[in-house]
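Trainee: I am new to this structure and would like to learn how its terms are applied. Could we go through them together?
Mentor: Gladly, let us have it in front of us.
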Amino acid sequence: MRDLTLLHPEGTISMRICHIALQGCLRLANVSYGITADTGGHIKYLLELVRASAADPDVTHIDIVTRGFENEKLGEAYAPDAGEVSGKLRLVRLQDGEAAYLPKEQLWQQHEALCDAFLAFLGSCGELPDLIHAHYADGGILARAAKERFGIPYIFTGHSLGAVKRQASQGVGDEEIERRIAIEERVLEAADAVIASSRDEAEAQYSHYEGIDSGRIRVIPPGCVLDRFEDATPSDTVRGELQRFLSEPEKPILLAIARPVRKKNLMALLEAYAGNARLRKQANLVIVAGCRGLLGDLEQECREVIEELIAAIDRHDLYGRVAYPKSHAPGDIPAYYALARETGGVFVNPALNEPFGLTLLEAAASGLPVVATDSGGPNDIIERCGNGLLVCPTDRAGIAAACLDILSDEDKWTRYSKAGSTAVREYDWQAHCDIYHRLIREITFPQIAPSAHNRLLVCDIDNTLLGDRAALREFLSWQQDHRQNVVLGIATGRSFHSAQAILAAENVPTPDVIISSVGSCVHWYDRDRRRFVEDAAWSNSLLRNWDPDAVADLAVALGLEPQGFLEQKPGKASFFVGKADVNTLAEDLRRNGFAGETVISHGRYVDLLARGSGKGAAVKYVAQILGLEPNQVVVAGDSGNDIAMLRACQHPIIVGNASDGIRDHPALAHAYTARATHAAGILEGVQHFRKAGLW
Ligand code: GLC
Ligand code: MG
């Protein structure tokens, strides 16, 4: 536990951080990306992170620990004695008794020696780091050893996961993948927190591991340096290149930029285009799929993908409409986006799974609307940037329809273009570090828990707590003054990680309890262990009478359309209204044997929940666990999925900007309807109940 004397004069805490990243050829500057297969994205991530991290005056020192090796071809820069220092940053190369460069697949052989070297290094440090941040599983093994020896907490970032690889190879893992997964399990088991870049990583990818529970995973989107895209203009080179392919080059461009590998699913886009006459008439298709000299020189998979694309262009006779440039310089890429924007086009990423989705941010920065796969990181990007539409990557007609939808609606196109170029600025390393450093403080510093709580305040997130930043600041200052007595709860339709990520991004202090997925999930913040813990008793109690397949079949039969895969949770099946009749829906479901809860919000979302679930039931459960009486609970909400909660509580607040007709809802006559909107409405309601002596 940290000593309070380490407080800075301003009352903040100084931090010494030690990163471990063992792979590839790491240096503090002038990294030769691609020099080995392992000198890639994670190094860029790490260096951009530490640079922004070092800019925070609270961070006093950062060590980066990597593996030293000697290799004539790679040069002398990586030898064990070739440490580097730059300002607060120090790069240390461990000597593990093996002089050769080792690719990541072989690092496990050195675990023992690397642990010894790392512990010896820490022992010689004088001052131990407050926190270790390990990158990739091998780094995690060293962090775990340091935690066992010195009690230093650690954060883990996976960057890429064995379980995802295993899944891509259809579930059959070879020895190497299985070993890697076992190492990851060990690292996850003892990690104090795990940083994921997207909700898909947090909720889908990590669900394959037993060593990690949802409460320790945090979604913090990485920063992205996008200046090159923000002010790009179309270039003559790129125009000239496309003129070689297109007979009417001024038409809107559907642009795809991706490596020619199967999982990028470029063929689905081509077939979507070929199969829709209106789309073919309205737009050209431009596929920028890497660079090639002779096809025969490409790796087999890339060659096959290109050959299949060319064969399909020929089969559908798409000459004059589809461009597939043979090569480009790195500087041409921003110009492709800019040209697509100039023509009023759309960027399309149809990948079968996209772990993060950097190209979507590039498109957003370029002001180009997107159509993207609903599998992986794009969910978060489109939720945050509001710059386009998600599609199921195997639904070719759906891909074409989404493209046409944007191309044919000028207002929509402009809205997506503007929203994207504004919101993309939030993908910033400084913003990342604000959240990251708060997480580190949370892990390394004792927490103040509500010590004498006698009241509970539960707020919905979207359009209630969030939506007006000035009001939020005011609310939070009230909340800080009352945190000894008032337990702060959140109740949201969002998933747990989505809720946590948006609260962190908006600088809301860690709440005491999060009710997520419209009441189907409850997480408590354990201030002693500094982590969220899922309330398994609650979720398990709901699942007894829940048959997700039967629910989905019935819903689809009634005309509902499923929401994306990440919105489907145990005890929660979520849909868009689609062709269903909202007025009779609940009754239609009941008549067909559905015994759970039906929740309709914003005239658009339909959540089907296990019987006994919902925000209302969850708030009652939470109050009961806290030992509070109904009159000690205040709740605040704005829309359809808050009705059950507002109805179930004695002291409900409806904020001024409420929708779904809840102000006039017959069951909510007892609610306080605030004049003020968003968080200011919560405060107004709180003050009302306080003044009336009711709370
Ligand atoms: C959030 C959830 C969605 C749900 C909606 C209404 O947007 O992500 O699944 O349908 O809230 O509750
Ligand atoms: Mg809301």
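Trainee: What makes Asp 213 count as buried, exposed or partly exposed?
Mentor: Asp 213 has 34% relative accessibility. Buried means under 20% relative accessible area, exposed means over 50%, and partly exposed lies in between, with a 1.4 Å probe and protein chains only. Asp 213 therefore counts as partly exposed.

Before we go on, a word on the source. This is a predicted model, where local features need pLDDT of at least 70 and side-chain atom pairs count only at pLDDT 80 or more, while totals for chains, interfaces and linings use all residues. Residues are numbered from 1 along each chain as its sequence is written, chains are lettered from A and ligands numbered from 1 in the order in which they are written, and side-chain values use heavy atoms, with hydrogens and water left out.

Trainee: Why is the pair of Arg 216 and Asp 213 called a salt bridge?
Mentor: The closest N and O atoms of Arg 216 and Asp 213 are 2.8 Å apart. A salt bridge is a side-chain nitrogen of Lys or Arg within 4 Å of a carboxyl oxygen of Asp or Glu, so this pair qualifies. Arg 216 itself is buried, at 4% relative accessibility.

Trainee: What makes Lys 44 and Glu 48 a salt bridge?
Mentor: Their closest N and O atoms are 3.6 Å apart, which is within the limit, so the name applies. Both sit in helix 1 (residues 41-54), 4 residues apart, about one helical turn. Helices (H or I, at least four residues) and strands (E, at least two) are DSSP runs, numbered from the N terminus. Lys 44 is partly exposed at 41%, whereas Glu 48 is buried at 17%.

Trainee: How many salt bridges does the whole structure hold?
Mentor: A search finds 41. Some link up: a network of salt bridges includes Arg 199, Glu 203, Asp 462 and Arg 494.

Trainee: What makes Asp 462 a donor of the magnesium ion (ligand 2)?
Mentor: Donors are N, O and S atoms within 2.8 Å of the metal (3.2 Å for Na, K and Ca), and sites may look incomplete, as water is not among the atoms. Asp 460 (OD), Asp 462 (O) and Asp 638 (OD) lie 2.1 to 2.3 Å from the magnesium ion, so they meet that cut-off. Asp 462 is in the loop between strand 15 (455-459) and helix 18 (469-481), and Asp 638 is in the loop between strand 24 (633-637) and helix 24 (643-648), 176 residues apart. Asp 462 is partly exposed at 30%, while Asp 638 is buried at 1%.

Trainee: How do you know that Cys 25 forms no disulfide?
Mentor: A disulfide is a pair of cysteine sulfur atoms within 2.5 Å. The closest cysteine sulfur to that of Cys 25 is in Cys 18, 20 Å away, so it is too far for a bond. For Cys 403, the closest is in Cys 392, at 14 Å, also too far. The structure holds 0 disulfides.

Trainee: Why is Asn 387 called buried?
Mentor: Its relative accessible area is 0%, so Asn 387 falls under the buried limit. Asn 387 is placed in the loop between helix 14 (378-385) and strand 14 (388-391). Leaving aside neighbours within four places in sequence, Asn 387 is in contact (heavy atoms within 4.5 Å) with residues including Leu 360, Pro 369 and Tyr 416.
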